[in-house]
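These notebook entries record what I looked up about cysteines and a surface patch. I began with the cysteines.

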Amino acid sequence: MVLRDAVLWALLSAGCALAFLQSSAPAAVLLHLVAPIVVLAVAIPASRRWPGAAVFVVNGLCALGLADPDTPANGALPALAVTTYLLGRRTASARSALVLFGACLVVDLGVCAVLGVDAVWWFYALSMVPVALLLPWLAGRFRRAQVRLVRGGWERAAILEQRQRSIAEQARLRERTRIAADMHDSLGHQLSLIALRAGALETSPALDERDQADFTALRLAAADAVDNLRETIGALREVSAAPTSETVEELVRRTAASGVAVELARTGAVPDLSPLVDRAVYRVVQESLTNATKHAPGSAVQIRVTHSEGWTEVRVRNSPPPAGPLPGPVPGNRGLIGLRERVEVVGGTLRTGPHGGGFEVLASVPDRPGVADQSEVAVESESTQQMAAARRSARLRLVAAFAAPAAVVLLAVPSAVFLYFHLSTSVLNPADYEGLGVGQPRAEFAGVLPAREFRFVSDEVRATPKPTGATCEHYRSNSNLLAKVDVFRLCYSGGRLVAKDALVDQR
């Protein structure tokens, strides 16, 4: 970092020294050589932390160049372009940079106004300095955006890799949850039916006490197996949206075939249920039947499914068990926790509790959930939003890239046109000048005089003594903007030419 600043300072200082050696005022060593080198030695390292201040200070060196009687250009202009480029690289605010450029331009034009310089100096301040400010700054901003884009791409790749690993882990967890759900819903239900049959045989009068004791042990073992199964898979937190292959009617027929007194009734036209809702309805019926056979063996179960106005209501009631409550506490009740989550995830509600000596499960779910069914929701991804923001930023930068040079052209072209018009219309042909005679009335040669007088002559030319009481006019010998020209002075008194002089403009 320090080495880079030192190399940059050496290059820019060499440019200032070269410009000083080519100037015609080598005596101003302190102002035009030492001062730029010292200022650059401070401004270049400071540009890392205060790039705007560095630009303003280096622009001050350019403003000092406007005081040069030979030329407004100096070696600080390349340094101004470099520091402006660094400003674009190191800052993101465009507004503050444009305010800074406006302040620099005000300083330069103020120096021109205070010094009363010629039109060439004004043209330099209105064209070359703005170009050194705007164009390198735009290049720096482009480079900054390019670096950020590359860095952002690598960061985005790292995020995507991490997200890919996260997605794989989530898929693995979902698969484990799906397997656990199937074990809970199918195997648990089957074990509950085994316990139900064992309980029925346990009370059969055709068996002796030993056989009844064996069936009691079988029922308790099946109940323990169900409890251990539920303890193993835990309370389910994930819900699979895959449709089940078995309908509610098939579930009821299969349960009735195992000896359970179950009745199903549907009310209303059956709608086209979302797969998630259809599975939720199935699980409500299945879990209710499992709980009824487990906690109230031998009870009758009534199932009512009602479809009305976009909602489906599932009501499952079981009567009191004929043999009374089972002896001892019956473990479980984890299935209702998972069932409540399954119903709420589709936007429904679930109420459970005792009813008429038995138990009731009441679930109400929407037929087509709008938010819960994530497969039907189109959400704009984060990458899409970032891409849209990047495109908007790119369009703004493209507009700025064309607008800024256009603004410079609009500013410089009128100045150049004005300067050229003024110079070209204040030129007196040297041959016509030689043909003028002292004492000749002005009216005789007014036709060869330029349309306007050249007003931007140096102080030395204006200080040249003139005839007493005479009025003098100045004209250029040619319209060359960069070369030194002679200034023709014509002095009149009483409407006659009393003196003519060819003066050398030292600027």
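The entries below concern a predicted model.

**Entry 1, disulfide count.** I asked how many disulfides the model holds. Taking a pair of cysteine sulfur atoms within 2.5 Å as a disulfide, I found a count of 1. The disulfide joins Cys-472 to Cys-491, with an S to S distance of 2.1 Å.

**Entry 2, geometry and place.** I then looked up the torsion about the S-S bond of Cys-472 and Cys-491; it is about 95 degrees, so the disulfide is right-handed. I located Cys-472 in strand S6 (residues 471–476) and Cys-491 in strand S7 (residues 486–493), so the pair ties together parts that are 19 residues apart in sequence. I also noted that Cys-472 and Cys-491 are both buried.

**Entry 3, other cysteines.** I checked Cys-104 next and found that it is in no disulfide. Its nearest cysteine sulfur belongs to Cys-62 and is 9.0 Å away. Is Cys-104 buried or exposed? Cys-104 has 0% relative accessibility, and buried means under 20%, so I recorded Cys-104 as buried. For Cys-112 I also read 0% relative accessibility, so Cys-112 counts as buried.

**Entry 4, surface patch.** I turned to the surface and asked which residues make a nonpolar patch there. Val-29, Leu-30, Val-34 and Val-38 make such a patch, of about 330 Å². I took Leu-30 from this patch and placed it in helix H2 (residues 29–46). The relative accessible area of Leu-30 is 65%, and exposed means over 50%, so I entered Leu-30 as exposed.

Terms used:
Residues numbered from 1 in each chain as written. Predicted model: local features only at pLDDT ≥ 70, side-chain atom pairs only at ≥ 80, totals over all residues. Heavy atoms only, no water. Helix = DSSP H or I, 4+ residues; strand = E, 2+ residues; numbered from the N terminus. Buried < 20%, exposed > 50% of the residue type's maximum accessible area, 1.4 Å probe, protein only. Patch = residues over 30% accessible without salt bridge, like charges linked within 9 Å, V, L, I, M, F, W, Y side chains within 5 Å. Areas by Shrake-Rupley, 256 points an atom, 1.4 Å probe, with all protein chains shown as cover. Salt bridge = Lys/Arg side-chain N within 4 Å of Asp/Glu carboxyl O.
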